[in-house]
Amino acid sequence: MEFLNRLFDFLQTTGFYQLFANFADGGWKNLVMIAVSLLLLYLAIKKQFEPLLLVGIAFGMLLTNLPGAGLYHGELWTEFMTEGSEYYHSYGHIMSNGGLLDYLYIGVKTCIYPCLIFIGIGAMTDFGPLISNPKSLLLGAAAQVGIFATFIGCMVLGFNQQQAGSIGIIGGADGPTAIFTTSVLAPELLGPIAVAAYSYMALVPVIQPPIMKLLTTKKERQIVMKPLRQPSRTEKIIFPIVVTIFVALLVPDATSLVGCLMLGNLWKESGVCERLCKTAQNELMNIVTIFLGISVGATATAETFLNLNTLKIIAMGVVAFGVATAAGVLFAKFMNLFTKNKMNPLIGSAGVSAVPMAARVSQMVGQKENPSNFLLMHAMGPNVAGVIGSAIAAGVLISLLG
């Protein structure tokens, strides 16, 4: 009899029992979230939608929604973020009572992971096209209109200022920046925003071309641009130092992101830190990507994900990308009114910071109109400018709303 009681007690501890015993009280939500995580895994593996991060996010979502696993405790983080709580900003409370994913999430909450990702991005990025054509900075800045237009739209939809700013940053097409901003301003929306940001980044080749074609004429899409000059090694070394100083003085809250981006690039361009550069590009980037994906996915619990706000976030994410793309293209057309050497307005769409995917889309659309046209390097200028621009926009939002 005692054995049967122990067996029954064991069965009550299983996730199967907890899932179906509490089915009417919320267990069904866990099943829905498990299904969503499996869908995201399918999209990441079969359709290759940002697989390096989306596989981790989807699997983290799966782990956090398995009843009884105890890997992530949203209630601990609610206490952590609630002013007046006994455990307000108490990492010790998290370490004493949390699970594996709670510990990994500390790297997101402290914004360590996005900054380390930016070191890797900087180490892999060539700022040469931007240095050769400084005007492309304006295109990167113009594309950030999508962030602030979406911010206003989200306010109209009923989100508070912090939440609206976090959703708006999706328009920057920069996953780490979206995670960084949301972790500071609206951590309760981290799961939906991260999933939306990386899903739409993967859909850049689908979302952007119709907008680009709608806003340009065939003649404009066929414009051939002059080859870019090759910047000197000295220019490439000075650039990240100057940008770091300028941005830090202009928008101090953007210093951590931009500073890490420029440090990685300085390692690359200095020519004396090859070992560190390769580590940033490979080992560091890969390790942080694993931790970031799993821990961000863990925040997508049934309570935070299955609500009307998630649908609004997904809808506004499309708006953010669309407005950012349109703003870049239209500003390139505007600049052509005052310049002798016309630029192909398709490169304006690369002002969103999905590097180098957005630049490749500009190249692809341009070559369909003129097979002899090569826009990739020209588009890389506004593309990397968009990375800097989205980080600055994030700093502005954090400064104003944080």
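A residue is called buried when its relative accessible area is under 20%, exposed when that area is over 50%, and partly exposed in between. R221 has a relative accessibility of 10% and therefore counts as buried. The structure described here is a predicted model, and the sections below treat its salt bridges, its nonpolar core and its two largest pockets in turn.

Side chains of opposite charge can pair when their charged atoms come close. In this model, seven salt bridges were counted. One of them joins E369 to R221, with 3.0 Å between the closest N and O atoms. This pair connects distant parts of the chain, since the two residues are 148 residues apart: E369 belongs to helix α22 (residues 357-369), and R221 belongs to helix α16 (residues 218-221). E369 has a relative accessible area of 16%, which is under the 20% limit, so E369 is also buried.

A salt bridge is also found between E235 and R229, where the closest N and O atoms lie 2.8 Å apart. E235 has a relative accessibility of 28% and is therefore classed as partly exposed. R229, with a relative accessible area of 43%, is likewise partly exposed.

The side chains of K268 and E269 form a further salt bridge, with an N to O distance of 3.1 Å. Here the two partners fall on opposite sides of the 20% limit: K268 is partly exposed at 29%, whereas E269 is buried at 11%. Salt bridges with shared partners also join K218, R221 and E369 into one network.

In soluble globular proteins, nonpolar side chains tend to be buried together. The largest nonpolar core of this model holds 114 residues, and within this core I167 and L292 touch the most other members. Helix α23 (residues 376-401) makes the largest contribution to the core, with 12 residues. When residues up to four places away in sequence are left out, the contacts of I167 are T150, C154, F159, L189, I193, I313 and M316.

The largest pocket encloses about 860 Å³ of space. Its lining consists of 33 residues, and those nearest the centre of the pocket are E50, L52, M124, M285 and V355. Several helices each supply at least two lining residues, namely α4 (51-64), α8 (112-124), α13 (175-185), α14 (190-202), α19 (274-298), α22 and α23. Of these, α19 provides the largest share, six residues. Helix α22 also carries E369 of the salt bridge described above, and helix α23 is the element that gives the most residues to the largest nonpolar core. Sorted by class, the lining of the largest pocket contains 22 nonpolar, seven polar and four charged residues.

The second largest pocket has a volume of about 460 Å³. A set of 24 residues lines this pocket, with N30, T64, L66, P67 and E303 nearest its centre. At least two lining residues come from each of α2 (15-21), α3 (23-45), α4, α5 (74-81) and α20 (302-305). The largest share, five residues, is supplied by α3. Helix α4 thus appears in the lining of the second largest pocket as well as in that of the largest pocket. By class, the lining of the second largest pocket divides into eight nonpolar, 12 polar and four charged residues.

Conventions
Residues are numbered from 1 along each chain as its sequence is written. This is a predicted model: local features need pLDDT of at least 70, side-chain atom pairs count only at pLDDT 80 or more; totals for chains, interfaces and linings use all residues. Side-chain values use heavy atoms; hydrogens and water are left out. A salt bridge is a side-chain nitrogen of Lys or Arg within 4 Å of a carboxyl oxygen of Asp or Glu. Helices (H or I, at least four residues) and strands (E, at least two) are DSSP runs, numbered from the N terminus. Buried means under 20% relative accessible area, exposed over 50%, partly exposed in between (1.4 Å probe, protein chains only). A nonpolar core is a set of buried Ala, Val, Leu, Ile, Met, Phe, Trp, Tyr and Cys residues joined through side-chain atoms within 4.5 Å. Contact means heavy atoms within 4.5 Å. On a 1 Å grid over the protein atoms alone, a cavity is a set of points where a 1.4 Å probe fits but cannot get out, and a pocket is an open set with protein on both sides within 12 Å along at least five of seven lines; lining residues have an atom within 4 Å of a point. Grid points are joined across faces, edges and corners, and a volume is the space filled by probe spheres set on the points. Ala, Val, Leu, Ile, Met, Phe, Trp, Tyr, Cys and Pro count as nonpolar, Asp, Glu, Lys and Arg as charged, and the others, Gly among them, as polar.
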